[in-house]
Each structure stands twice: as structure tokens, then as C-alpha cells.
Amino acid sequence: MAQHGDTEQAKAGQRVALIIAGVAVLWMLLNLIGAEYNWSNRTRAFFDLAAMAGFGFGLWRTYQLWRVRQNDKGEN
């Protein structure tokens with residue numbers, strides 16, 4: 001039987017997965033729109049940097065979730 005903390009961690013993992021997937025889809029969509037409307041390289045690079053920030057946030061959240069799970073292992 002799953003504990004309450006396990007359910008919370010699973011939901012947090014799902015949110016992180018949705019964040020990363022959402023950033024990836026949005027980044028690809030913006031690249032296609034930028035190519036279609038001939039946006040400048042500077043504008044497209046801005047969206048690349050924004051995507052990198054989104055991926056970095058997802059990575060940070062993944063690390064935090066991993067640390068919580070490591071701490072939970074030590075308590076049992």
C-alpha cells in the first residue's frame with residue numbers, strides 16, 4: 001500500500017514531467033513560428049534562452065525531488 005508521501009512524490013514527479021514536456025513542445029512551436037515569419041536570430045535566441053531556463057527549472061525540480069526521496073530512505 002502506498003504511503004501518503006509516496007503519492008505526493010508521484011504527483012510532484014508528474015508535474016516535473018509535464019513542465020519539461022511543455023517547455024519542449026513550446027520551444028519547438030516557437031522555432032517553427034520563428035522560421036515561418038522570419039524572426040531575427042536575436043529574437044529566436046531569446047526563446048532558446050527561455051527554453052534553457054525552463055529546462056533548468058525542470059532539472060532543479062527533479063534534483064529537489066531526488067533529494068526528498070534520498071532523505072525519506074534515510075528515515076526508514
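# Questions on a two-helix predicted model

Q: In this predicted model, does isoleucine 20 count as buried, partly exposed or exposed?
A: The relative accessibility of isoleucine 20 is 32%. Buried would need a value under 20% and exposed a value over 50%. Because 32% falls in between, isoleucine 20 counts as partly exposed.

Q: Which residues is isoleucine 20 in contact with, leaving aside neighbours within four places in sequence?
A: Isoleucine 20 lies in helix 1. Leaving aside neighbours within four places in sequence, its contacts are Phe55, Gly58 and Thr62.

Q: How far apart are the C-alpha atoms of isoleucine 20 and alanine 53?
A: Along the chain, 33 residues separate isoleucine 20 from alanine 53. In space, the separation of their C-alpha atoms is 11 Å.

Q: How many helices and how many strands are there in the protein?
A: Helix 1 covers residues 4-36, and helix 2 covers residues 41-75. The strand count is zero, and the helix count is two.

Q: Is valine 16 buried or exposed?
A: Valine 16 has its place in helix 1. Its relative accessible area is 8%. The cut-off for buried is under 20%. Because 8% meets that cut-off, valine 16 is buried.

Q: Which residues does valine 16 touch, not counting those up to four places away in sequence?
A: Valine 16 belongs to helix 1. Once residues up to four places away in sequence are not counted, valine 16 touches Gly58, Arg61 and Thr62.

Q: What is the C-alpha to C-alpha distance between valine 16 and tryptophan 60?
A: Valine 16 and tryptophan 60 are 44 residues apart in sequence. From C-alpha to C-alpha, the distance in space is 9.5 Å.

Q: Does glutamine 9 count as buried or exposed?
A: Glutamine 9 is a residue of helix 1. Leaving aside neighbours within four places in sequence, glutamine 9 is in contact with Leu65, Val68, Arg69 and Asp72. Its relative accessibility is 10%, so glutamine 9 counts as buried.

Q: What kind of ring pair do tryptophan 27 and phenylalanine 55 form?
A: The count of aromatic pairs comes to five. In the pair of tryptophan 27 and phenylalanine 55, the ring centres are 6.2 Å apart and the planes stand at 85 degrees. Planes over 60 degrees apart make a pair edge-to-face. Because 85 degrees passes that cut-off, this pair is edge-to-face.

Q: Which helices hold the two residues of this pair?
A: The pair links distant parts of the chain, 28 residues apart. Tryptophan 27 is in helix 1 and phenylalanine 55 is in helix 2.

Q: Do tryptophan 27 and phenylalanine 55 count as buried, partly exposed or exposed?
A: Tryptophan 27 has a relative accessibility of 33%, so it counts as partly exposed. For phenylalanine 55 the value is 27%, so phenylalanine 55 also counts as partly exposed.

Q: Which residues do ring pairs link into a cluster?
A: The aromatic pairs number five. Ring pairs link three residues into a cluster: Trp39, Phe46 and Phe47.

Q: Which residues make the nonpolar surface patch of about 290 Å²?
A: Valine 25, in helix 1, is exposed because its relative accessible area is 51%. This residue is one of the members of the patch. The patch is made by Val25, Trp27 and Met28.

Q: What is the relative accessible area of asparagine 38?
A: Asparagine 38 is found in the loop between helix 1 and helix 2. Although this residue is not a glycine, its phi is positive, at about 55 degrees. Asparagine 38 is exposed, because its relative accessible area is 66%.

Q: What is the radius of gyration of the protein?
A: The C-alpha atoms fill a box of roughly 55 × 20 × 10 Å along the principal axes. A compact globule of 76 residues would have a radius of gyration near 11 Å. The protein has 17 Å.

Q: What percentage of the 76 residues in the protein is buried?
A: The accessible surface comes to about 6200 Å², of which 64% belongs to carbon and sulfur atoms. The share of the 76 residues that is buried is 13%.

Definitions and conventions
Residues are numbered from 1 along each chain as its sequence is written. This is a predicted model: local features need pLDDT of at least 70, side-chain atom pairs count only at pLDDT 80 or more; totals for chains, interfaces and linings use all residues. Side-chain values use heavy atoms; hydrogens and water are left out. Helices (H or I, at least four residues) and strands (E, at least two) are DSSP runs, numbered from the N terminus. Buried means under 20% relative accessible area, exposed over 50%, partly exposed in between (1.4 Å probe, protein chains only). Contact means heavy atoms within 4.5 Å. Rings of Phe, Tyr and Trp (its six-membered ring) pair if their centres lie within 6.5 Å; planes under 30 degrees apart count as stacked, over 60 as edge-to-face and the rest as tilted. Patches are made of residues with over 30% relative accessible area and no salt bridge: like charges are joined within 9 Å, nonpolar side chains (Val, Leu, Ile, Met, Phe, Trp, Tyr) within 5 Å. Accessible areas come from the Shrake-Rupley method with a 1.4 Å probe; for residues, only the protein chains shown count as cover. A salt bridge is a side-chain nitrogen of Lys or Arg within 4 Å of a carboxyl oxygen of Asp or Glu. The radius of gyration is taken over C-alpha atoms; the globule rule is 2.2 Å times the number of residues to the power 0.38.
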